[in-house]
Amino acid sequence: MRDGVSIYYEFDDRDEREPTDESHASETPIVFLQDIGYGRWLWRWQREAVAREFGAPVIAPDMRGTGRSDAGLPPLVPRLPGRIRSPLLRKPAGYSVDGLAADLEAVLDDAGVRSAHLVGIGLGGMVAQQYAIAYDRAASLTLCATTHGGPDAMAIPADIPGRLLETPSGANERETLRHRMRPVFSGSFTNRNPHLMDRIIEWRREQDATEPAIEAQLGAALAFDASAELDRVRVPTLVIHGTDDAVVPSSNARLLEEAIPDARLELIEGGSHLACIERADAVSDALVSFLGEQETGTGTRNRSRTRAQASTDT
């Protein structure tokens, strides 16, 4: 709990997630941080991969307003009509990445964790950056489909916030969720995986953020600017980005690689914004390799790679 707001998190202990015979156990927890609006289900493929490889403890917090965490918003604002509420929550009455990083510090303190590998996508990647700047428990960062923000970054396209919140006329809840995911996946992936998309919609209905919280999280992401402070990030950092990301342009990955002293870049050729799902194997392989290097002390500085294997249907 921070500032009277309860932040829920899962803590999967190593005793329940033993590594395979070929892998090596890790004592350092891995923390998975989600993007705007998404619940803990978003990292399920990578959580399975690191559990299988390392048997490491995994911590998965629900961001404010998401899943089982309190929203912590002014009591009357969420009840306002959307056209009035949304501008308020994107700026004066919403969240900040500083505050979300403070929530993460409260979670790690409550869990008794002194050091953790942080893995974040989109807004979660921004929270990871801010956490490494302001606090001292980060052992490494993995930054997926994210940006350091500010005027030097390649901006999120102007139409994206509206598309992520758009409700088509006459659409029910499932149809609206499906429509809002169009920017984050390639059309070919959604067409090839109708059953998976149906499951994702149900996971979203069960675990995702409320509408006001999504607006507040979006406001935090759009206002974020860590560009002048990234030289304070002193932990090994892996930057992963899909080259076809329609939400956060992939040129931001190069900017992060250049700005963070000990960073390297893995480009996922043809990857969408949610490459952690659409190209789950490629993202998991890059993550497992990087975390393995951190545990064994064999990391390589400033190495860029492009993964060009075919898309993985899930």
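These exercises work through a predicted model of one protein.

**Exercise 1. Overall build**

Task: State how many helices and strands the protein has, and decide how compact it is for its length.

Solution:
- Step 1. Count the elements. There are 12 helices and 8 strands.
- Step 2. Take the radius of gyration. The value is 18 Å, close to the 20 Å that the globule rule gives for 314 residues, so the protein is as compact as a globular protein of that length.
- Step 3. Add the dimensions. The C-alpha trace spans about 55 × 45 × 40 Å along its principal axes.
- Step 4. Look at the contacts. Among those with a separation of 6 or more, 77% join residues 24 or more positions apart.

**Exercise 2. Surface and charge**

Task: Find what share of the residues is buried, then describe the accessible surface and the charges.

Solution:
- Step 1. Of the 314 residues, 55% count as buried.
- Step 2. The accessible surface is about 13,300 Å², and carbon and sulfur atoms hold 46% of that area.
- Step 3. The protein carries 34 positive and 48 negative charges. Their mean positions lie 4 Å apart.

**Exercise 3. The nonpolar cores**

Task: Identify the residues that touch the most other members of the largest nonpolar core, and the elements that supply this core.

Solution:
- Step 1. Start from the general rule. Nonpolar side chains tend to be buried together in soluble globular proteins.
- Step 2. The largest core has 53 residues; Leu118, Leu123, Val127 and Leu141 touch the most other members.
- Step 3. Trace the elements. Those that each supply at least two residues include strand 4 (116-121), helix 4 (123-134) and strand 5 (138-144). Helix 9 (211-223) and strand 7 (263-268) are also among them.
- Step 4. Zoom in on Val127. Beyond its neighbours within four places in sequence, Val127 contacts Leu33, Met63, Val97, Leu100, Ala101 and Leu104.
- Step 5. Note the second, separate core. It has 44 residues, including Trp45, Val50, Val184 and Cys276.

**Exercise 4. Two residues up close**

Task: Decide whether Ala145 and Val239 are buried or exposed, and describe the setting of each.

Solution:
- Step 1. Apply the cut-off: buried means under 20% relative accessible area.
- Step 2. Ala145 has 3% relative accessibility, so Ala145 counts as buried.
- Step 3. Ala145 sits in the loop between strand 5 and helix 5 (160-165). Its phi is near 50°, a positive value in a residue other than glycine.
- Step 4. Val239 has a relative accessible area of 1%, so Val239 is buried too.
- Step 5. Val239 belongs to strand 6 (residues 237-242). Leaving out residues up to four places away in sequence, Val239 touches Leu143, Ala253, Leu256, Glu257, Arg264, Leu265 and Glu266.

Conventions. Residues are numbered from 1 along each chain as its sequence is written. This is a predicted model: local features need pLDDT of at least 70, side-chain atom pairs count only at pLDDT 80 or more; totals for chains, interfaces and linings use all residues. Side-chain values use heavy atoms; hydrogens and water are left out. Helices (H or I, at least four residues) and strands (E, at least two) are DSSP runs, numbered from the N terminus. The radius of gyration is taken over C-alpha atoms; the globule rule is 2.2 Å times the number of residues to the power 0.38. Buried means under 20% relative accessible area, exposed over 50%, partly exposed in between (1.4 Å probe, protein chains only). Contact means heavy atoms within 4.5 Å. Accessible areas come from the Shrake-Rupley method with a 1.4 Å probe; for residues, only the protein chains shown count as cover. Lys and Arg count as positive and Asp and Glu as negative; His and the chain ends are not counted. The place of a charge is taken as NZ of Lys, CZ of Arg, CG of Asp or CD of Glu. A nonpolar core is a set of buried Ala, Val, Leu, Ile, Met, Phe, Trp, Tyr and Cys residues joined through side-chain atoms within 4.5 Å.
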